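Welcome! Take a moment to look over the sequence and turn the structure around before reading on.

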Amino acid sequence: MALALPETLSPSKVSSFKDCALAFRYSAIDRLPEEPTVAASRGSLVHLALEHLFEREPADRTPANAVTDLERAMEEFREEPDFTGLDLDADAEARFQIEAARLVENYFEMEDPTTIHPIGLELRLEADLGGLRLRGIIDRLELDHQGGLVVTDYKTGRVPGPNQQQARMEGVHFYALMCEELFGVRPASVQLLYLSGRITIATEPTEQATNALRRKVGALWQAVETACEREDFRPRPGALCNWCSFHAYCPAQGGDPSLVGTAVDLAS
Ligand code: SF4
């Protein structure tokens, strides 16, 4: 019996399928719960703090107000499963907040937020691409000085090496494709703000690059359809296994795939 196709495809799901098809299946099709990690949760907190900062009038986007915004974000985030699930003791929580504060401080060394003209924050988009439903959340969509669209994505992890930078840009190119489909306008630029290293990686999406991505996403969707028809999602052990929540079900880790059905029942 064929597996049900996922209803939508997001940039993170695209990269998950390419990194490990089995992890993609467990996450996107079986929808197994995933353990929160300190790094991912700290990133969510920083995103929320910067969202609050950009809700302010331009002149009020100051470092002092960013401290207040981070405190407000922490109070909101404190009740979220992505935080409670970490089960941090007092020392670990203090480190968590100090690291988040450092990332927000770094942001001010990268650009002047009073000059940014955002038109969407944590903007949820859905677009059809040849029958495939694309979904994504843009951290910040803004207008540049010439009125062009700029897609900005905050990154709180390690800065990629030169050889990995293009691959890491795929998510923002994906958002550029969605903007083009929805608004009929290709963004003038897309950028990743790596807060840990205070490094911005930016590029201008060309028609050629957008068309190539369109073909790539279509081919990837076909691969997902084939894998669902054949129920053939293979593990691909690699560095990502260190952060994967599915070891208990993964044959490459000595896990038992037959436990997935029980886990799905418990989660539903
Ligand atoms: S543990 Fe590794 S190989 Fe197994 S599903 Fe997760 S990422 Fe894939």
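In which strand does E122 lie? You will find E122 in strand β1, which covers residues 117-129. Keep in mind that this is a predicted model.

**Two backbone angles to look at**

Most residues other than glycine have a negative phi. Against that background, E122 is worth a look, with a positive phi near 45°. R198 also has a positive phi, near 55°, and sits in the loop between β4 (189-194) and β5 (199-203). How crowded are their surroundings? The table lists the neighbours of each residue.

| Residue | Phi | Other C-beta atoms within 10 Å | Exposure |
|---|---|---|---|
| E122 | near 45° | 14 C-beta atoms | partly exposed |
| R198 | near 55° | 15 C-beta atoms | partly exposed |

**A helix with two sides**

Now find helix α6, residues 90-107. Its 18 residues reach 26 Å from the first C-alpha to the last, close to the 26 Å expected at 1.5 Å a residue. Which residues of α6 are buried? They are A100, L103 and V104. These residues cover an arc of only 100° around the axis, so they lie on the same side of α6. The buried residues pack against α3 (38-55) and α4 (63-77). On the other side of α6, the residues A90, D91, A94, I98 and R102 are exposed.

**Around the ligand**

Finally, turn to the ligand. Of the 14 residues around the ligand, those that come nearest are C20, P235, C241, C244 and C250. Sorted by class, this shell holds eleven nonpolar, two polar and one charged residues.

Notes
Residues are numbered from 1 along each chain as its sequence is written. This is a predicted model: local features need pLDDT of at least 70, side-chain atom pairs count only at pLDDT 80 or more; totals for chains, interfaces and linings use all residues. Helices (H or I, at least four residues) and strands (E, at least two) are DSSP runs, numbered from the N terminus. A residue is buried if 20 or more other C-beta atoms lie within 10 Å of its own, exposed if 12 or fewer, and partly exposed in between; C-beta atoms are placed from the backbone. A residue is near a molecule or strand if its C-beta atom, placed from the backbone, lies within 6 Å of it. Ala, Val, Leu, Ile, Met, Phe, Trp, Tyr, Cys and Pro count as nonpolar, Asp, Glu, Lys and Arg as charged, and the others, Gly among them, as polar. The expected span of a helix is 1.5 Å times one less than its number of residues. The arc is that of the directions from the helix axis to the C-beta atoms. Two residues are in contact if their C-beta atoms, placed from the backbone, lie within 7 Å.
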